[in-house]
Amino acid sequence: MNGTYKAVEVSAPGVLRVVERQVSEPRAGQVRIRVEACGICHTDAATVTATYPGLALPRVPGHEVVGRIDALGSGVSRWKIGQRVGVGLIAGEDGMCESCRRGDIVNCQNPVTSGVTVDGGYAELMIAEARGIASIPDELTSVDAAPLLCAGITTYNALRNAGLRSGDLVAVQGIGGLGHLGVQFARNMGLRTVAIGRGREKEKLAKDLGAHVYIDAATENTADLLQRMGGARAILATGTSGDAMGPLVSGLAPRGKLIVVGVPQDQIQLNAFPLVFGGRSIYGSLTGTPIEGEDTLGFSVLENIRPMVETLPLEQAADAYARMMQGKARFRMVLRIAE
Ligand SMILES: NC(=O)c1ccc[n+]([C@@H]2O[C@H](COP(=O)([O-])OP(=O)(O)OC[C@H]3O[C@@H](n4cnc5c(N)ncnc54)[C@H](OP(=O)(O)O)[C@@H]3O)[C@@H](O)[C@H]2O)c1
Ligand SMILES: [Zn+2]
Ligand SMILES: [Zn+2]
């Protein structure tokens, strides 16, 4: 294919600009995707501010990408032209590092990372590794599927891998792009679900999404309230403040887990007493693999889980990004590129 396509690139730290780029052909093992929708994740800030380790500008951000394959590189047999597929953050493992050799490909030490090592989905076209894409079920629109490929998979995997049992008390802290999906997953996994936000403004939305209880961390003592309910078996921390995460440990039941998925700029301060007396723990969880993306999409279809989105056209990516950064999105900004 000849000609050009439109993309939004980070040309310098903090600068998102619309550019025309030359269309290129997918190489061996790659596919070219005509992008229909791309969600705007808070992690995109690490590309926009050029702070992601190893990032070189210019770079097209975007790792919640859904579109249709319009060209196949040589050797690609699993996917077909016209098929609708998605790309998340970790979009190809090297297959050779120690993590990969142990089957832990999400922790590949040399991954293809959408919007970081390769151009992502703020564009009309994206080239992706065939091994790094997921199939999109017909039941989901591209706009609805896109946020599930990062915000969705991250919260779904963290919850389903936490050893929880139905009826357990679980809290989701930070009701943003990740958190609003985390609340829905927790509720639909049969968990007693608490949403922890700041202010009363999100209370009704959080309850509509399935939260049994809402805690306003700005005016209420979160740890005390959770302890009065018996203590949380797990707290999924999705917020962008380390300061807000440390005290959550005191809201856990004995053996409870603080699962960190948000990546704040500041440190997380911890008090050793509730960790030691009660055997509580804290650990991180990183997104997931393409097949786990398909699991996330499948569970969302099964339980009728959808992101709550606001859409803008590709040309307004900078405005959409700004709205997300200001905490105004309810709850995910999605670029509607073609559908
Ligand atoms: N682990 C992974 O694989 C993974 C994947 C995707 C994203 N992330 C990270 O997860 C975080 C959230 O991403 P997102 O896309 O959901 O972002 P988002 O939509 O911007 O939401 C961030 C949320 O953080 C909360 N927050 C902000 N400032 C806070 C403060 N001072 N104290 C407490 N909470 C605060 C807000 O919730 P309230 O207004 O309700 O308090 C806000 O809704 C980011 O750090 C992102 O980089 C990690
Ligand atoms: Zn993300
Ligand atoms: Zn590897």
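1. Arginine 21 and aspartate 119. In this predicted model, the side chains of arginine 21 and aspartate 119 make a polar contact of 2.5 Å. Arginine 21 sits in strand 2, which spans residues 15-22. With a relative accessible area of 17%, arginine 21 is buried, because the cut-off for that term is under 20%. Beyond residues up to four places away in sequence, arginine 21 touches Gly3, Thr4, Tyr5, Ala7, Glu9, Pro58, Val60 and Asp119.

2. Arginine 59, a second partner. The side chain of aspartate 119 also has a polar contact with the side chain of arginine 59, at 3.0 Å. Arginine 59 lies in the loop between helix 1 (44-48) and strand 4 (65-72). Is arginine 59 buried or exposed? Its relative accessibility is 14%, so arginine 59 counts as buried. Leaving out neighbours within four places in sequence, its contacts are Glu9, Val10, Thr47, Gly115, Val116, Thr117, Val118 and Asp119. Glu9 appears in the contact lists of both arginine 21 and arginine 59.

3. Zinc ion, ligand 3. Which residues supply the protein donors here? They are Asp94 (OD), Cys97 (SG), Cys100 (SG) and Cys108 (SG), at 2.0 to 2.3 Å from the ion. The four donor atoms subtend angles of 97 to 120°, so the arrangement is tetrahedral. Along the chain the donors follow the spacing D-x2-C-x2-C-x7-C. Cysteine 97 is in the loop between strand 5 (84-87) and helix 2 (98-101), and cysteine 108 is in the loop between helix 2 and strand 6 (125-129); the pair therefore ties together parts 11 residues apart in sequence. Cysteine 97 and cysteine 108 are both buried.

4. Zinc ion, ligand 2. The protein donors of this ion are Cys41 (SG), His63 (NE2) and Cys150 (SG). They lie 2.0 to 2.3 Å from the zinc. The sequence spacing of these donor residues is C-x21-H-x86-C. Cysteine 41 is in the loop between strand 3 (30-39) and helix 1, while histidine 63 is in the loop between helix 1 and strand 4. These two residues are 22 apart and link distant parts of the chain. Both cysteine 41 and histidine 63 are buried.

5. Ligand 1. How many residues surround ligand 1? There are 27, and the closest are His42, Thr43, Arg198, Thr287 and Arg332. An N or O atom in the side chain of arginine 332 is 2.7 Å from an oxygen atom of the ligand. Lysine 202 places a polar side-chain atom 2.8 Å from a ligand oxygen. Isoleucine 175 takes part through its backbone: a polar atom there is 2.9 Å from an oxygen atom of ligand 1.

6. Nonpolar cores. The largest nonpolar core has 38 residues. Those with the most contacts inside it are Val31, Ile40, Val87, Tyr122, Ile133, Tyr321 and Leu335. Another core, of 28 residues, lies apart from it and includes Val143, Ala145, Ala151 and Leu181. In soluble globular proteins, nonpolar side chains tend to be buried together.

7. Isoleucine 40. Setting aside neighbours within four places in sequence, isoleucine 40 contacts Glu64, Tyr122, Ala317, Ala320, Tyr321, Met324, Arg332, Met333 and Leu335. Tyr122, Tyr321 and Leu335 are among the residues with the most contacts inside the largest core. Arg332, also in contact with isoleucine 40, is one of the closest residues to ligand 1.

Definitions and conventions. Residues numbered from 1 in each chain as written. Chains lettered and ligands numbered in written order. Predicted model: local features only at pLDDT ≥ 70, side-chain atom pairs only at ≥ 80, totals over all residues. Heavy atoms only, no water. Helix = DSSP H or I, 4+ residues; strand = E, 2+ residues; numbered from the N terminus. Buried < 20%, exposed > 50% of the residue type's maximum accessible area, 1.4 Å probe, protein only. Polar contact = N/O pair within 3.5 Å; in protein donor to acceptor, adjacent residues only side chain to side chain. Contact = heavy atoms within 4.5 Å. Donors = N, O, S within 2.8 Å, 3.2 Å for Na, K, Ca; no water. Tetrahedral: all angles 85-135°; square planar, octahedral: opposite > 155°, others 65-115°. Core = buried A, V, L, I, M, F, W, Y, C linked by side-chain atoms within 4.5 Å. Near = heavy atom within 4 Å.
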